[in-house]
Amino acid sequence: MTGELNTLFAIIMSVVFVNNFVVARFLGLCPFLGVSQKTESALGMGMAVTFVMTLASAVTWFLYNYVLLPGESNLLGLMLPGVKETGTVDVLKTISYILVIATLVQFVETVMKKTSPALYESLGIYLPLITTNCAVLGVALLGTTNAPQHLNLLEASVQGFGAGIGFLIAMLLMSGIRERLALLNVPQSFRGVPIAFVCTALMALAFMGFSGMVSW
Amino acid sequence: MSNAQEKVLLVTTSPHIRGPEDIPRVMWTVVGALAPAGLVGVYLFGYYALFIVILSVLAAVLTEAVIQKYLLGQPVSVKDGSAVITGILLAYILPPGVPWYIPIVGAIFAIAIVKHAFGGLGNNIWNPALAARAFLQVAYPAPINSDWRVLKQGGIFSNITGVDSITQASPLFKEFGGKTYNYTDLLTGNVPGCIGETSAIALILGGLYLIYRGYVDWRVPAGYIATVFILAKFLPAKIEAPWANDPIYHVLAGGLMLGAFFMATDMVTSPLTKKGLLVFGIGCGVLTTLIRFYAAYPEGVCYSILLMNTATPIIDRYTQPRLLGQGKK
């Protein structure tokens, strides 16, 4: 039990700080730069991404273990015996993930609109925006791989959640910086996106301090 | 600043008292406060250390002048001393035996990208010298990390890059086989390390003078050093060295004094509110200890201050003091 908790803690520390999806892996830069002008919208975006990443990690985990991996548990193998030996990891992984994530998000959005209008309002436009976010696909791909080790469902979901929190923290920091940038005397040619990229680079330099903190 | 803004700022009720404080005075005082640590460094590491400091300062000042004159078309403001401070600070956090081009590349990065891309003095988000150090760490890992040299015999005429010197483990070397230095050596600076960080006593004196003059808020160094002291005592360390949980060693060794008194306290890149300054100092302390204890790098001062610089706008946002008459939230 303690070992399992330690693993989960290591996963969270790893994806939040050491391998932060934005500033260490450079995934999800479009929402990171596009929606970080105001802290409120950055928080909304961060929460929406956290939500989707957690769900996507869990769902793609099932997909990976019961449809893509070769073996007895492969559901496709019931109908097509050949799949049991080969699996469908090579041909289906990326495309099925994109399809599943996009469907999932649209589905969640529809359900949420009916059952929880308040949450739907607060996430707003960001939810449909992130269906094809590379950070979401990235966390799904990283959660369902056998190298360095095969994650179980809980670990994959926690990794998705932690990656979302890491994204949220990066968004929050960046939005604070960009609100200040709006007041600064930035040279004409650097205003807007260029200085935001410079900021991202310097943030990434600062986050390098965490490297090696957890071996995950 | 435009004329309209100036007029707005000037309309106050009399009497008006003109203070003697202006940017050059503050900056040159800081340069003076930094001088003792540099003198110790030059005495310990020989004339080459002085050469590195001069190169770094020259590169910083020249870069600033060229950018202001030819790229931005502004009046050149190198006389205010801020580029000089960036140059000195950058040299102080470089190992004494680095190749000559390292301080030049670093100073150009610091001034051109970290300072002037953001709009120059007073506009930068990160401390230029520290960001340049982090940049050099990535760009030139070998010369920055490998060689911690000390002179066989003290004296400024010895050459640190040549036969007069030997390589020695730095005080914060984490793996087995490091060397533990005693408190006296750490205080006076008789240890391997970066040019300006070795002598704790010279840095404390300079820092206290700045606090006395009111240029530095005591909350940052106090919060920083106290946090490192407490955490170093009680946090379980993943270091095999005998000083792992020795709080005094952690406070005296490495760049902590230089960072706490001269870099974390940078007026531009630290929070504006008093509560924010305390949060900033404590945050630096927590991150420094975490990096020293668990991360790959031996020293965490540079990265912890950069990370807290990143968080400064958010800290300012959430620590704004309550206005008089305004209710609690």
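A salt bridge, as I use the term in these entries, is a side-chain nitrogen of Lys or Arg within 4 Å of a carboxyl oxygen of Asp or Glu. I keep in mind throughout that this is a predicted model.

**Entry 1: a salt bridge between the chains**

I started with B:Asp316, which forms a salt bridge with A:Arg180, and I found their closest N and O atoms to be 2.6 Å apart. The pair crosses between chains, running from helix H14 (residues 301-318) of chain B, where B:Asp316 sits, to helix H10 of chain A, where A:Arg180 sits. I then asked how exposed each partner is: B:Asp316 has a relative accessible area of 7% and is therefore buried, while A:Arg180, with a relative accessible area of 22%, is partly exposed.

**Entry 2: the rest of the interface**

I next looked up how many salt bridges the rule finds across the interface of chain A and chain B, and the count is 3. One that I checked joins A:Glu179 to B:Arg317, with the closest N and O atoms 2.9 Å apart. These two residues also belong, together with A:Glu40, to a network of salt bridges. For polar contacts across the interface of chain A and chain B, I noted 6 residue pairs, both residues of each being at pLDDT 80 or more.

I wanted to know which helices of chain A supply the side that touches chain B, and I found that helix H3 (39-68), helix H10 (153-181) and helix H11 (193-207) each give at least two residues. The most comes from H11(A), which contributes 8 residues to that side. By type, the residues of the side of chain A that touches chain B divide into 19 nonpolar, 6 polar and 3 charged.

For the contact as a whole, I recorded 28 residues from chain A and 34 residues from chain B. The two chains bury about 2,600 Å² between them, and 73% of this area lies on carbon and sulfur atoms.

**Entry 3: chain B as a whole**

Turning to chain B, I counted 14 helices and 2 strands. Its radius of gyration is 20 Å, close to the 20 Å that the globule rule gives for 329 residues, so I can call chain B as compact as a globular protein of that length. Along its principal axes, the C-alpha trace of chain B spans about 65 × 50 × 35 Å. I also noted that buried residues make up 53% of the 329 residues in chain B, and that, among contacts in chain B with a separation of 6 or more, residues 24 or more positions apart account for 70%.

**Entry 4: helix H12 of chain B and the loop after it**

How many residues of helix H12 (residues 256-263) of chain B are buried? I found that 8 of its 8 residues are, so far as the cut-off of under 20% relative accessible area decides it. The buried residues of H12(B) include B:Leu256, B:Phe261, B:Phe262 and B:Met263.

I then moved to B:Thr273, which is found in the loop between H12 and helix H13 (274-294) of chain B. It has 13% relative accessibility, and B:Thr273 therefore counts as buried. Its side chain reaches the backbone nitrogen of B:Gly276 at 3.0 Å. Leaving aside residues up to four places away in sequence, I found that B:Thr273 touches B:Asp316, B:Thr319, B:Gln320 and B:Pro321; B:Asp316 is the residue that I had already met in the salt bridge with A:Arg180.

**Entry 5: salt bridges within chain B**

A search of the whole structure gives 6 salt bridges over all chains, and I looked up two that lie within chain B. In one, the side chains of B:Lys115 and B:Glu64 meet at 2.8 Å, N to O. This pair links distant parts of the chain, with B:Lys115 in helix H5 (residues 101-115) and B:Glu64 in helix H3 (residues 47-71) of chain B, 51 residues apart. Both B:Lys115 and B:Glu64 are buried.

In the other, B:Asp217 pairs with B:Arg219, and the closest N and O atoms are 3.0 Å apart. Here I found B:Asp217 partly exposed, with a relative accessible area of 23%, whereas B:Arg219 is buried, at 17%.

**Entry 6: a positive phi in chain A**

Last, I looked at A:Phe26, whose phi is near 55 degrees, a positive value in a residue other than glycine. Most residues other than glycine have a negative phi. A:Phe26 is found in the loop between helix H1 (2-18) and helix H2 (29-34) of chain A, and at 43% relative accessibility A:Phe26 counts as partly exposed.

Notes. Residues numbered from 1 in each chain as written. Chains lettered and ligands numbered in written order. Heavy atoms only, no water. Contact = heavy atoms within 4.5 Å. Buried area = accessible area lost by both parts, 1.4 Å probe. Polar contact = N/O pair within 3.5 Å; in protein donor to acceptor, adjacent residues only side chain to side chain. Helix = DSSP H or I, 4+ residues; strand = E, 2+ residues; numbered from the N terminus. Nonpolar A, V, L, I, M, F, W, Y, C, P; charged D, E, K, R; others polar. Buried < 20%, exposed > 50% of the residue type's maximum accessible area, 1.4 Å probe, protein only. Rg over C-alpha atoms; globule rule 2.2 N^0.38 Å.
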